[in-house]
Amino acid sequence: MKAISRRDALSTLATGAAGLAVTDVLTAKEARIEKVTPAQSAAALVVPRAFAGQHQPKPLTFDPAKLKGLSEKLIKSHWENNYGGAVKALNAVEQRLAAMLGDKDLPPYIYGDLKREELVRTGSVVLHEKYFANLGGDGKASGKALDLIKQWFGSYEQWEAEFKKTANALGGGSGWTILAYNMHTGEVHNYWAWDHMHNAPMSSPLLVLDMYEHAYHMDYGAAAAEYVDAFVQNANWDEVNRRAEEIISRK
Ligand SMILES: [Fe+2]
């Protein structure tokens, strides 16, 4: 359990787009707190960890100036603005959910909007962290990941062709292409994901490719296929192998 101060809670709420409605809620909450003892006030503001809103961005694990065919400017902008923005948004959503925990008058559909945002932002944070962590390699598949690819796709070449075809199907739009091990079926597939919330249930990512236009437009314009080629050349198969070994050890 993590406690936040009333000032933190007010500050967080006052900055949001939904500030007016949420501030009304908090004002009511404050009014209740004023009528109880200081100890009771502190207890009322203890926030469950699930709503702590304290996520921190993970640093890049490679030198963004040294990728092949992906510029430092693109990677830094993507990391700072899109991924960094997702982390901030997830924190803001969690803190707003925390502020609404005791509000019995809140319409369920308003709460539902925030729960949807929790799912969107969580998906964006997780997938961006997987994406950046599986960049910075030499693009040469090896080890356990290559064994799995051969087992489920016949050869590396057949897997790469299907991975690229899946990614190119998302060109000009949004989404993710995810080589994943499915913990339920025990199978390995290249999954197509239209947005941050779109994942095959029980699938654990091995290699993640960001197909949102912000991931490539600065370098390639609308030529998404060239970006997909560049991504494959920079894939970090050491990280993919680490994920594969971790997933299989959990079975
Ligand atoms: Fe992105």
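## A walk out from the iron ion

Start by selecting the iron ion: in this predicted model, its protein donors are H78 (NE2), H128 (NE2), D210 (OD) and H214 (NE2), sitting 1.9 to 2.1 Å away from it. Switch on angle labels if you like. The four donor atoms make angles of 89 to 132°, and the site is tetrahedral. For reference, ideal tetrahedral angles at a metal are 109.5 degrees.

Next, look at where those donors fall along the chain: their spacing reads H-x49-H-x81-D-x3-H. Pick out two of them, H128 and D210. H128 belongs to helix α5 (residues 108-133) and D210 to strand β5 (residues 203-210), so this pair ties together parts that are 82 residues apart in sequence.

Now turn on a surface. Are these two buried or exposed? H128 is buried, at 1% relative accessibility, and D210 is buried too, with a relative accessible area of 0%.

Stay with D210's strand and select β5 as a whole. Eight of its eight residues are buried, so β5 is largely enclosed by the rest of the structure. Which strand pairs with β5? Select β3 (residues 176-182): the two run antiparallel and share seven bridges. To see one of these up close, show L179 together with its bridge partner in β5, L207.

Last stop: color by pLDDT. The protein averages 87, with 82% of its residues at 70 or more. Then select residues 1-34, where pLDDT stays under 50; the model has 43 contacts beyond four places in sequence for this stretch.

Terms used:
Residues are numbered from 1 along each chain as its sequence is written. This is a predicted model: local features need pLDDT of at least 70, side-chain atom pairs count only at pLDDT 80 or more; totals for chains, interfaces and linings use all residues. Side-chain values use heavy atoms; hydrogens and water are left out. Donors are N, O and S atoms within 2.8 Å of the metal (3.2 Å for Na, K and Ca); water is not among the atoms, so sites may look incomplete. Four donors count as tetrahedral if all angles lie between 85 and 135 degrees; four count as square planar and six as octahedral if opposite donors are over 155 degrees apart and all others between 65 and 115; anything else is irregular. Helices (H or I, at least four residues) and strands (E, at least two) are DSSP runs, numbered from the N terminus. Buried means under 20% relative accessible area, exposed over 50%, partly exposed in between (1.4 Å probe, protein chains only). Two strands pair if DSSP finds at least two bridges between them. pLDDT is the predictor's confidence in each residue, from 0 to 100. Contact means heavy atoms within 4.5 Å.
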